[in-house]
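User: Please take a close look at one part of this model, the largest nonpolar core. Which residues touch the most other members, and which elements supply at least two residues of this core?

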Amino acid sequence: MKAALDYRYDDLQVSYKLKYEGQSYISLVLCVWTYTHGAAHGMPHYRGVTYSKDDGERASIRDFVRIGSDDAWRIYNLPVFNGSGKVIPKYQLFRDYDDTPLSGNFYLAGRGQVALIYQPYQLAAFAYGMTSIILPAGLVEELNDKNP
């Protein structure tokens, strides 16, 4: 992954965190952290990857939840979590965050839940780290029924 980056950074680190492992799927969040000399701070970029344990193929979000273009209001009314898994109070979120396009970047959160991943500065301040919106299993089922 480091070799594939075509930009020179003063510092680059790659790490990952296991988010879910079940009988059929494994879900990770990769973090590529870069720092360029003179910047106020390094910048992480988070990417969820989910693989089938049966065939090794990478799964897409539509393998788990089908979100329609009119479903954003339901999703943006759910709690937003910081990188430590704590709910960010609504008043700490960016004022117009609900205008942000829904993320297709995801990880499986277990018990039928799917988490949408957002980068720092997309929904909240950098200090909150990776932010996510966890779709409860009941909502996932409703969305899949609504959006075949």
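Analyst: What follows describes that core and then the sheet whose strands contribute to it. The model is predicted, with local features requiring pLDDT of at least 70 and side-chain atom pairs pLDDT 80 or more, while totals for chains, interfaces and linings use all residues. Residues are numbered from 1 along each chain as its sequence is written, and side-chain values rest on heavy atoms, leaving out hydrogens and water.

A nonpolar core is a set of buried Ala, Val, Leu, Ile, Met, Phe, Trp, Tyr and Cys residues joined through side-chain atoms within 4.5 Å; buried means under 20% relative accessible area (1.4 Å probe, protein chains only). The largest such core has 23 residues, and V65, V80, V114, L123, I133 and L135 touch the most other members. At least two residues each come from α1 (72-76), β4 (106-110), β5 (113-118), β6 (131-135) and α2 (137-146). These are DSSP runs, helices (H or I) of at least four residues and strands (E) of at least two, numbered from the N terminus. Apart from this core lies another, of 7 residues, including V29, C31, Y46 and M130.

Leaving aside residues up to four places away in sequence, L135 is in contact (heavy atoms within 4.5 Å) with V65, I67, I75, L78, Q113, V114, L116 and V140.

The strands β4, β5 and β6 form an open antiparallel sheet in that order, where pairing requires at least two DSSP bridges between two strands. Because β4 and β6 each have a single partner strand, one side of each is left without a neighbour in the sheet. Between β5 and β6 there are 5 bridges, and Y118 stands opposite T131 in β6.

How values were computed. Buried means under 20% relative accessible area, exposed over 50%, partly exposed in between (1.4 Å probe, protein chains only).
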